[in-house]
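Work through the exercises below with the structure open. Try each task before reading its solution.

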Amino acid sequence: MSSTQSAIDRLLALPARGNLLASWQEGDADAVFEAARIAILSHSESNPTQALLAAEHLDRAVGKSLDPLSRAHLDRLLAHALRDNGRVKDSERRYKSAYTTFRRKRAYKEMGQTVVGWVDTLGLLGRAKQASTIARGARELLVRRAPASLARLEANLGNAWYLAGNLRLARASYKKALRYFERHDFPFDASVCAFNLANLLVLDGKLPRARAHYEQAQSTFEQMDRAVFRLRAEYALASLDLVQGKWDTALAQLERVRSELKDLGDLRGDAVVAEEMGRLFAGLGAPELAEKPTAQACSTYEMLGLSEEGARAACVHARILAAMDRHHDASHRFRGAERVWLASKNTRARRLAQVDQARQLIRRGRLADAQKMLRAAQPYLDKHDAGGMGAVCRGLRADLALARGQKSRAADLARAAHRAARRYPATLERPHIAITLARALQASGQPTLAVRWCRKAVGEYEGVVTRLGRSHRAGIEGARSQLYRKAVDVVLAAGGKKASATALDLISVARSPALIEDLLHGQSSRVEGDLRHAITQLRDRILSAGQSGPDDVRYLTLRTEAERLEKRIDTTPKQYPKLVRRAMASRRLEEWAPRLKGRSLVLFDRGERTWRAFIVGPEGVRHVNLPDANDAIDEHWLPTRMSLEALAHVPREFRGSLLDRTRDEAEETLRVIRRAFWRPLELECPMAIVVPAGPLAGLPIEAAAEFEAQGQLPVFTRIPHPALVRADRAKRRERALLLQGMVPGASNEIDAVAASLRTAGYQVDVRSERKDLLEQNERLGVLHVAAHGTIHRRNWMASGIQLGDGWIGFEQLDRKVLEDSLLFFNTCESGLGMEVPGAELDGWMCAGLGAGARELVLSLWKVDDASATALASAFYPGWGSSNAPVAVREARASVREIHPHPFSWAPLVAVGASPFSVERES
């Protein structure tokens, strides 16, 4: 602990009484007061929160007993501490009080030194002209008495001009101060000036020079133990990483810096970092991720009275609100920011805001008003930021022209905007500008060029996603899907022999990278044992607690802990297994299509207006629009789904009558699904691999195809992504582990499955605890689980299957044990997907495939005990001589004869696209 820290701790430990200073340190009263003042001032650079507490403590104890000059010194000390903690309104009052007293006592040097901090506060309040006026008078007071303070005054005046958008005057002030500090060997002050000049270099696009200045400043601040300034330098370096596209590392750095700034009590610094994160997510098209940090920044700036910075954050927040269709709130934010900038005459900020305001007007259909704003902003932005916001402005004008039917004009503007967009944040807009150009070219009758620009847009966006990192992908999936839908629509509209194949290729690349990465949550062998144990313990605590509300303290604590553990997994080096590495390397159509080996593949995709299906078969690729799909889901499936969920919770004595009353409705829903999703496809193949998307993950599309079907139908199986198609075959291992959970009827199901497998010659082990799976040393051929399970739609750590000694999670499926096995999870909703980063489909389907399972059998909803036992009993005899898709189909048909309601027979689905050989391995 430093001597200053120790002194401050001792000061705060004493009661705030008149004898505080005498108790704190022996000596002359004036000398002790000066020692306390210097200690607090020095401490403010490493811990501003504690320094402010100490200054306020001193004020309460001796403030009323001080002579006027000492009182003025204490006011100035409080002003410094308040400013360092972001409370600039309170800070200005203290500076003004101290200045008035020093002036009355003719303490000219102290007057000038008070103005140094006062100018900085006025700059933060957006009053640059007032700061310049006060500084003009202070120069004469300091030029002979305190030249170092004069240089600091110039540096602070530079901050005021910088915040007001007058970069020319800011640069001149910084350079003047830097020359003095370098000449007279003031390393800390010189580093602060160099840091501020680096901010201007970033705006000029001179990034290597800016980075050198930032790194030098960071090194100096660290050596001199100036924690707040060090963190600001680290924030600047992270922001520079954002500008250069290193988004994954930059976001991690920003989150760390923000946390440390909060601990130090630097509210303004925390708000600055939050605003930067919000700006990035807004540029990526992730308003849900951007809204919270930006709203926090606006609130903090407003509380601190920082009008200029508050207006800047308000503009970002307004853009986010507009993207969320909260136009009234967005307009209110824009108007407030415009009032601030008109008062301060900050032309730069006004022009930047006009671009975002025009974006909102376009969304609202007010094209003429948007055009007027963009035309006003374009000349200024071309002059001062042509490669950044100037390009964004031109891209929005291209959108306007296209909306007005000016196709050639739109293409020219979009091409110029794409060519110019070389600087952050315009680089985030490049894929969207490319899509605008593709749409304009397609509308102009240039389909070949349109398709080429669609590919370019997709490639650029994948570059964005790759650099962003897995942990932040969830929030951008909406924007990502929207861009891909536009690209696919353009490709299909362009037509041509290869249109369907090209569109499918885009979709395949779009869905795969993050989905395949998310096959394994914490399964890597490189994940530390303590982390695995922590995840297991957390899951047990979360799920054993039951359902908690979002305001429950326990729930919030557990959720925070889950987020912390997931971040640790994201930073752990991973070695993905062969299946995942191969799938990531073969995302394109030409790489995975040959593995179909005569089987057809049906990939469902949601377009801008309706659903469509892509069919890959021996004759090539074709696509079919499904115009009735939306109605089938919204008007028929969703009400039926609610009915099926309700049936699972109805007491057994009442269930029979409800099944009779709802059977006709459920069967009609299956007919509607068949007409909407299967009849338009006209499939003629022995086996079809189905790749669902979004809500189709929970839709019984296979059961619907088979219901009342006429003629020969394919055998259906499903997978989450076509790159996971496998063409090889493997022998079956004759070892089976059956896990029985604590649910009624599980024992009957397990007994029936065990008898069937033993009859087929399998070595069967019946267990009931999690450890019986986790401690397996030999490979299994079959893992059958009959237990209670739960799927949490957003938190994978809160999903699991309950056994006697705890919950099994996705990451606990061991590849060494389960590779090439059959997994049958007869648990609640085991076939449903989740909303996790990068994946529309996840859950046990992806966890099982990621663990190397060859086939899975899953349930789309919870069924009663009798139906679960009947499905499992009917499955294994058929599976013994064929494969899971065939056996599931036969099981559905068999159970339907006994239990005709779709609730009982329709939920079972088969997953996996590489059937087992019936040959067995001893």
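**Exercise 1. Two helices side by side**

Task: Determine how α13 and α15 run relative to each other.

Solution. α13 and α15 are roughly parallel, because their axes cross at roughly 5°. Angles under 35 degrees count as roughly parallel, over 145 as roughly antiparallel, 65 to 115 as roughly perpendicular and the rest as oblique. The axes are lines fitted to C-alpha atoms, for helices over the stretch in contact, and the angles run from 0 to 180 degrees between N-to-C directions. Helices here are DSSP runs (H or I, at least four residues) and strands are DSSP runs too (E, at least two), numbered from the N terminus.

Before going on, note the basis. This is a predicted model, in which local features need pLDDT of at least 70 and side-chain atom pairs count only at pLDDT 80 or more, while totals for chains, interfaces and linings use all residues. Residues are numbered from 1 along each chain as its sequence is written, and side-chain values use heavy atoms, with hydrogens and water left out.

Next, place the pair. α13 covers residues 227–243, and its axis comes within 11 Å of that of α15. On the α13 side, R232, Y235, S239 and L242 make the contact (heavy atoms within 4.5 Å). Their partners in α15 are R268, V272, V273, E276 and L280.

**Exercise 2. The surroundings of α13**

Task: Find how many of the 17 residues of α13 are buried.

Solution. Start with the cut-offs: buried means under 20% relative accessible area, exposed over 50%, partly exposed in between (1.4 Å probe, protein chains only). In α13, 14 of the 17 residues are buried, so the helix is largely enclosed by the rest of the structure. Then check its length. From first C-alpha to last, α13 reaches 24 Å, close to the 24 Å expected at 1.5 Å a residue. The expected span is 1.5 Å times one less than the number of residues. Just after the helix, G245 takes a positive phi of about 85°.

**Exercise 3. The faces of α14**

Task: Work out where the buried residues of α14 fall when seen down its axis.

Solution. List them: W247, A250, L251, L254, V257, R258, L261 and L264. They fall within an arc of 145°, so they line one face of the helix. The arc is that of the directions from the helix axis to the C-beta atoms. Now turn to the face away from the buried side: T249 and D263 are exposed there. Last, look past the end of α14, where G265 has a positive phi near 85°.

**Exercise 4. Salt bridges**

Task: Compare three salt bridges by the placement of their partners.

Solution. The structure holds 58 salt bridges (a side-chain nitrogen of Lys or Arg within 4 Å of a carboxyl oxygen of Asp or Glu).

1. D270 meets R258 at 2.6 Å, N to O. The pair links distant parts of the chain: D270 sits in α15 (residues 267–283) and R258 in α14 (residues 247–264), 12 residues apart. Both D270 and R258 are buried.
2. E309 pairs with R312, with the closest N and O atoms 3.8 Å apart. They are 3 residues apart in α17 (residues 307–323), so about one helical turn separates them. E309 is buried at 2% relative accessible area, whereas R312 is partly exposed at 29%.
3. R359 pairs with D356, with the closest N and O atoms 3.6 Å apart. Both lie in α19 (residues 347–363), 3 residues apart, about one turn of the helix. R359 is buried at 15% relative accessible area, and D356 is buried at 10%. Elsewhere, salt bridges that share partners join R268, E275, R279, E309 and R312 into one network.

**Exercise 5. Positive phi outside glycine**

Task: Decide whether D185 and D325 are buried or exposed.

Solution. Recall the background: most residues other than glycine have a negative phi. D185 has a positive phi near 60°. Its place is the loop between α10 (167–183) and α11 (187–203). D185 is exposed, with a relative accessible area of 63%. D325 has a positive phi near 65°. That residue lies in the loop between α17 and α18 (327–344). D325 is exposed as well, at 51%.
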